[in-house]
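Here are some exercises to work through with the model open beside you. Try each task before reading its solution.

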Amino acid sequence: MRHLLSVTDLDAAAATALLDTADRLRQALLGREVRKLPTLRGRTVITMFYENSTRTRVSFEVAGKWMSADTVNVSASGSSVAKGESLRDTALTLSAMGADCVIVRHPASGAAHRLAAWVDKDRETTGTPTVIVNAGDGTHEHPTQALLDAATLRDRLGGIAGKRVGIVGDVLHSRVARSNVFLLATLGAEVVLIAPPTLLPVGVAQWPCRVSPELDAELPALDAVMMLRVQAERMRGAFFPSAREYSIGYGLSEDRAALLPEHAVVLHPGPMVRGMEIAPAVADAPNAAVLQQVRTGVHVRMAVLYHLLAGASE
Amino acid sequence: MAQDRPGAAAARELLSASDVARTVARIAHQIIEKTAGTENVVLVGIPTRGAMLARRLGAAVAEFSGTPFPVGIVDPTLYRDDLRHHPARPLSSTDLPDGGLDDALVVLIDDVLMSGRTVRAALDALADHGRPRAVQLAVLVDRGHRELPIRADYVGKNVPTARDEQVKVLLEEIDGVDAVRLERA
C-alpha cells in the first residue's frame, strides 16, 4: 500500500492489520503523561483541505503530532488556490517542498486518485516520494472514517464478521456510507442501507449490501446503526418533501432507538444535526459511540500514517 | 524468529528444555538476591519472547520468595532506530502494571542481547511511561556484538557467536518446546 485512496485497496488482512495497529497505539498511549511517540520524527505531513472540516483535519493533525511528524495545514481559502492555482500545481509544489505525506480533502470525487497519479509521475522532478491519503473526495470515499467506524464497532461488539450494520439516511451524498459498505463487507459484516429511494445512488444494486426503505422493520435485528447527516450543502433539488417529514421517516427518535436490541451500538460520523437525523437523547445515550468514534479516529489515523510512512519507502 | 527453521542438522543446541528451566530459576534467584529489601520492583518484558520470560520469572520469583512482583510488557517498536530500513513492522502490545513505573526498580527482560538497539528503544519507551528509580536488564542469552554501551545485569548464558549465526530462543508458549539453538544463517 503506497497511498490510501479507497477502502477497496484494502483486503481483510490489510484492514485488520490497520485496526490492530490502532489498538496497539491506543494501548501504548494509555495513561501516559507524555503523549508523544518519536516514530515519525523528521517526516512532514501536510493536510490540504478544500472543504470545511473540524474533526478530520484536527484528527489527522493530532495523529501526526503525537507521532512527532511536522504537520502543516493548508486550506483552500488563504492559500494560492484562491489566486487560481490548480490542484495539480499546488500538490506538486507541496511535494517539491519535501512533503512526505499529503492528506487531501476535495469536493470532487476522484481528486485523491488524480493527485496520487500526478505525484507518482512527477516523483523524479519533485524528488520526494509523497504519499497521498484521501480524507474525503466528493461523494466518493472517506477511507479513514470507515476504518475508525470499523475500529469502534470491533471494540464495542467484540468483532465485525457476522454482525448486521444498518446505514441510515442520505446515502446518495455520503462518502462515509460508500466507504463503510465496502470496508464492512470486506470484514465480513452484513450491511443494510436504509434510505428513501431518492437518496440512494445509481448502481447501489452492485454494492455488497442489501437495501431497505423501512427503518422500523430493520432496527430490531441490527447490531449497530449508523446515522448519516443529511448533506444539505450537496443537494441541488428536492430529495424529500420537508425536514420534518425526513425526520419522521428516517430520524432516530427515542421511540425508534427503543426498537434496537440492547447490545446495539449507535454511530454517527458527525457533525450531527440533532433533532433531524438523531434525537438529542439518543445521541447522548450510553449505547451511542459518537465520542468514542472521534477518539478512535486519532488512533486509526496514527495507524495509517505509521503503515504508510514509518517503514522503508518502496 | 523461530518460524523458518532450516535443517535441524545445521543447528547446535545451546540450552535444552531443562537447561532453560534451570536458567530461568537461577535468574529469578539472582533477581531476588539483588533486589532484596527493595520495594516496588517491576518485571517488564520485551515482546514476544521477552514478555513470556518475564511472566515465567514473575511466577518463579513469587514461588521462591513469596512476594510476587508485578509483571508488564513494553513494546519498543515505535522507538526503534531502524524503522526506515524495513517495511512497517506490526506492533506488539504494551501493558504496564496499574501502579506505573515512577520510582520503581524496573527489571527489563529480553530473550537475546546482541546489538543493544532493542534495549535502547525499550529504555526510551520506559522513559515516556514514567521515571523508574533504576532499570536493570535480564537476558536469557548474551551473544555479543554490542553496538551501544549497554550491558545486562543478569545473563542466563554467554555465547560467543559469529555475526552470520543466529541464536534462536524457542519457548513452549509459542514454539511448543523450550530450547536455545545456534544456527548458521
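Strands here are DSSP runs of E with at least two residues, numbered from the N terminus. Please keep in mind that this is a predicted model.

**Exercise 1. Place B:Gln136 in its strand and describe its surroundings.**

Step 1. Start with the secondary structure: B:Gln136 belongs to strand E5 of chain B, which covers residues 134-142.

Step 2. Next, count neighbours. There are 17 other C-beta atoms within 10 Å of B:Gln136. A buried residue needs 20 or more, and an exposed one has 12 or fewer, so B:Gln136 is partly exposed.

Step 3. Now list contacts, leaving out residues up to four places away in sequence: B:Gln136 touches B:Val107, B:Leu108 and B:Asp153.

Step 4. Finally, compare sequence with space. B:Ile31 is 105 residues from B:Gln136 in sequence, while their C-alpha atoms are 9.6 Å apart.

**Exercise 2. Work out the strand order of the open three-stranded sheet in chain B, and find its edges.**

Step 1. Reading across the sheet gives E1-E8-E7 of chain B, and the pairing is antiparallel.

Step 2. Strand E1 (11-15) and strand E7 (165-170) of chain B each have a single partner strand, so each has one side without a neighbour in the sheet.

Step 3. From one strand to the next, the twist averages 25°.

Step 4. Look at one pair in detail. E1(B) and strand E8 (residues 179-184) of chain B run antiparallel and are joined by four bridges. Within this pair, B:Glu13 has B:Arg181 of E8(B) as its bridge partner.

**Exercise 3. Do likewise for the open four-stranded sheet of chain A, then find a helix that packs on it.**

Step 1. The order is E2-E1-E3-E4 in chain A, with parallel pairing.

Step 2. At the edges stand strand E2 (70-75) and strand E4 (131-137) of chain A; each has a single partner strand, so one side of each lacks a neighbour in the sheet.

Step 3. Here the twist averages 15° from one strand to the next.

Step 4. E1(A) and E2(A) run parallel, joined by six bridges. In that pairing, A:Met48 has A:Val74 in E2(A) as its bridge partner.

Step 5. The helix to find is H4(A), which packs on the sheet and touches strand E3 (101-106) and E4 of chain A. The direction of H4(A) makes about 165° with that of E4(A).

**Exercise 4. Describe how helix H3 of chain A crosses helix H4 of chain A.**

Step 1. Two packed helices are described by the angle between their axes and the distance between the axes.

Step 2. For H3 (residues 87-96) and H4 (residues 111-121) of chain A, the axes come within 10 Å and cross at roughly 50°. That angle makes H3(A) oblique to H4(A).

Step 3. The crossing of H3(A) past H4(A) is right-handed.

Step 4. On the H3(A) side, A:Leu87, A:Arg88, A:Ala91, A:Leu92 and A:Ser95 take part, and they meet A:Ala111, A:Leu115, A:Trp118 and A:Val119 of H4(A). By class, this contact of H3(A) with H4(A) has seven nonpolar residues, one polar and one charged.

**Exercise 5. Repeat the analysis for helices H6 and H7 of chain A.**

Step 1. The axes of H6 (residues 143-157) and H7 (residues 175-186) of chain A come within 8 Å, crossing at roughly 55°. H6(A) and H7(A) are therefore oblique to each other.

Step 2. H6(A) passes H7(A) in a right-handed crossing.

Step 3. Contact residues of H6(A) include A:Pro143, A:Ala146 and A:Ala150, while those of H7(A) include A:Val176, A:Leu183 and A:Leu184. The classes in the contact of H6(A) with H7(A) are seven nonpolar, three polar and one charged.

**Exercise 6. Is strand E5 of chain A enclosed or open, and which strand does E5(A) pair with?**

Step 1. In E5 (residues 164-168) of chain A, four of the five residues are buried, so the strand is largely enclosed by the rest of the structure.

Step 2. Five bridges connect E5(A) with strand E6 (residues 190-194) of chain A, and the two run parallel. A:Val165 stands opposite A:Val191 in E6(A).

**Exercise 7. How many residues of each chain meet between chains A and B?**

Chain B contributes 17 residues, in contact with 15 residues of chain A. On the chain B side, these divide into seven nonpolar, six polar and four charged.

Definitions and conventions: Residues are numbered from 1 along each chain as its sequence is written. Chains are lettered from A and ligands numbered from 1 in the order in which they are written. This is a predicted model: local features need pLDDT of at least 70, side-chain atom pairs count only at pLDDT 80 or more; totals for chains, interfaces and linings use all residues. Two strands pair if DSSP finds at least two bridges between them. Axes are lines fitted to C-alpha atoms, for helices over the stretch in contact, and angles run from 0 to 180 degrees between N-to-C directions. Two residues are in contact if their C-beta atoms, placed from the backbone, lie within 7 Å. Angles under 35 degrees count as roughly parallel, over 145 as roughly antiparallel, 65 to 115 as roughly perpendicular and the rest as oblique. A crossing is left-handed if the near helix is turned anticlockwise from the far one by less than a right angle, and right-handed if clockwise. Ala, Val, Leu, Ile, Met, Phe, Trp, Tyr, Cys and Pro count as nonpolar, Asp, Glu, Lys and Arg as charged, and the others, Gly among them, as polar.
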